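Here is a set of short exercises to work through with the model open beside you. Try each task before reading its solution.

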Amino acid sequence: MNIGEKLKKLRLSLGLNRKQFAHGIINESYLAYVENNKGEIRANDLIAILSKNSFSIINFLADFGNTESYFSLYEYEANNAFFVQDIKRLQQLESSCKSTLIKEVIRLMIAKLNGNLKEFPSQIKAEIKKSFWEMESRSTDSLWVLSNIMEIYDFDDLEGLVNSVFHSFNEFSGYNDETIKLLASITLNYLEICLSQDNIDEHEVERTKSYLSKLPSISLIAFEKIKGKYFLAVHYSDYRVAKKCKKLLG
């Protein structure tokens with residue numbers, strides 16, 4: 001059974017027509033294409049539809065023997081759980097995912113939320129780094145991994161990794177929403193790490209500031225844009241702008 005067939009089976013079990021089931025996330029005509037295996041559905045749209053219909057993504061994936069094809073679903077769910085500090089949800093995702101790398105990254109995310117990053121096993125850190133090195137560098141999966149493991153690198157090594165991303169990903173009009181979001185996350189995380197160094201490298205701060213400003217001004221990454229501006233305002237002692245940004249961030 002493929003994703004389209006599983007969606008159709010779920011929709012019929014709920015007694016809903018396509019318009020009711022899709023909740024405006026995708027149109028009913030496209031849903032028909034997906035159900036009949038004539039089109040693919042984006043991970044974000046699939047998760048949104050399942051959420052609107054109160055159905056767990058984990059339960060949805062349970063029938064698939066090989067979940068490696070659906071890594072982006074776990075990545076999306078893990079990011080959402082991390083953002084709201086839902087450790088229980090992260091633990092559920094970690095236990096159900098069959099990808100060793102994603103499981104290890106989720107464990108790292110849990111350690112961050114628990115304040116146990118310094119105690120995180122060095123062997124697992126090494127395994128994560130090795131697996132990351134073997135990934136295709138321009139994939140969204142590699143961007144997701146990098147956005148969540150930056151703290152385990154020495155700053156000099158991290159500088160090279162991030163600047164490779166800045167150099168490789170600069171045609172923003174050609175990227176999908178998931179890629180833009182990950183690039184914004186990496187940029188914001190790197191900026192925070194740059195500003196936390198004992199000896200701040202102003203050249204790297206300026207490079208990161210420039211990249212952040214070039215990212216498209218869209219609502220999807222408004223949080224990263226505003227928070228980055230806040231970090232920079234504090235760094236440059238522009239407390240008027242910092243206060244304004246803090247108010248926007250709530």
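**Exercise 1. Find which residues leucine 183 touches, leaving out residues up to four places away in sequence.**

Solution. Keep in mind that this is a predicted model. Step one is to list the contacts: leucine 183 touches Leu143, Val165, Phe169, Phe172, Tyr175, Tyr211 and Leu215. Step two is to place leucine 183 in its wider setting: the largest nonpolar core has 72 residues, and Leu7, Ile149 and Leu183 are the ones that touch the most other members. Step three asks which helix gives the most to this core, and that is α12 (residues 177–195), with 11 residues.

**Exercise 2. Count the aromatic pairs in the whole structure, then classify the pair of phenylalanine 172 and tyrosine 175.**

Solution. A search of the whole structure gives 8 aromatic pairs. For phenylalanine 172 and tyrosine 175, the centres are 6.3 Å apart and the planes meet at 80°. An angle over 60 degrees counts as edge-to-face, so this pair is edge-to-face. Both phenylalanine 172 and tyrosine 175 are buried.

Now try tyrosine 230 and phenylalanine 231. Their ring centres lie 6.1 Å apart with 50° between the planes, which makes the pair tilted. The two partners fall into separate burial classes: tyrosine 230 is partly exposed because its relative accessibility is 23%, while phenylalanine 231 counts as buried because its value is 15%. The cut-off for buried is under 20%.

To finish, ask which residues the ring pairs link into a cluster. They are Phe155, Phe166, Phe169, Phe172, Tyr175, Tyr190 and Tyr211.

**Exercise 3. Work out where the charged end of lysine 129 sits.**

Solution. Look for the ring of tyrosine 153: the charged end of lysine 129 sits over that ring, 5.0 Å from its centre.

**Exercise 4. Check the length of helix α6 (residues 71–83) against its expected span.**

Solution. Start with the count, which is 13 residues. The expected span uses one less than the number of residues, times 1.5 Å, so α6 should span 18 Å. The end C-alpha atoms are 18 Å apart, which agrees.

Next, list the buried residues of α6: Phe71, Leu73, Tyr74, Glu75, Glu77, Ala78 and Ala81. Take alanine 78 as a closer case. This residue of α6 is buried because its relative accessible area is 0%. Beyond four places in sequence, alanine 78 touches Leu90, Leu93, Ile106, Met109 and Trp144. For a distance check, compare alanine 78 with glutamate 159: they are 81 residues apart along the chain, and their C-alpha atoms are separated by 25 Å.

Last, look just after α6, where glutamine 85 takes a positive phi of about 60°.

**Exercise 5. Repeat the span check for α14, then find what its buried residues pack against.**

Solution. α14 has 14 residues and reaches 20 Å from first C-alpha to last, close to the expected 20 Å. Its buried residues are Glu224, Lys225, Gly228, Phe231, Leu232 and Ala233. These buried residues pack against α12, α13 (202–214) and α15.

**Exercise 6. Describe the positive phi angles of serine 237 and histidine 23, and decide how accessible each residue is.**

Solution. Serine 237 is not a glycine, yet its phi is positive, about 60°. It lies in the loop between α14 (222–235) and α15 (239–249). Serine 237 counts as partly exposed because its relative accessibility is 43%.

Histidine 23 also has a positive phi, near 55°, and is a residue other than glycine. It is found in the loop between α2 (18–22) and α3 (28–35). Histidine 23 is partly exposed because its relative accessible area is 39%.

**Exercise 7. Is serine 147 buried or exposed, and which residues does it touch?**

Solution. First place the residue: serine 147 is in helix α10 (residues 140–149). Serine 147 is buried because its relative accessible area is 5%. Its side chain makes a polar contact of 3.3 Å with the side chain of asparagine 148. Setting aside residues up to four places away in sequence, serine 147 touches Leu182, Ser185, Ile186 and Asn189.

Definitions and conventions. Residues are numbered from 1 along each chain as its sequence is written. This is a predicted model: local features need pLDDT of at least 70, side-chain atom pairs count only at pLDDT 80 or more; totals for chains, interfaces and linings use all residues. Side-chain values use heavy atoms; hydrogens and water are left out. Helices (H or I, at least four residues) and strands (E, at least two) are DSSP runs, numbered from the N terminus. Buried means under 20% relative accessible area, exposed over 50%, partly exposed in between (1.4 Å probe, protein chains only). A nonpolar core is a set of buried Ala, Val, Leu, Ile, Met, Phe, Trp, Tyr and Cys residues joined through side-chain atoms within 4.5 Å. Contact means heavy atoms within 4.5 Å. Rings of Phe, Tyr and Trp (its six-membered ring) pair if their centres lie within 6.5 Å; planes under 30 degrees apart count as stacked, over 60 as edge-to-face and the rest as tilted. A charge sits over a ring if NZ of Lys or CZ of Arg is within 6 Å of the ring centre and within 35 degrees of the ring normal. A polar contact is a pair of N or O atoms within 3.5 Å; within protein, one must be able to donate a hydrogen and the other to accept it, and residues adjacent in sequence count only if both atoms are side-chain atoms.
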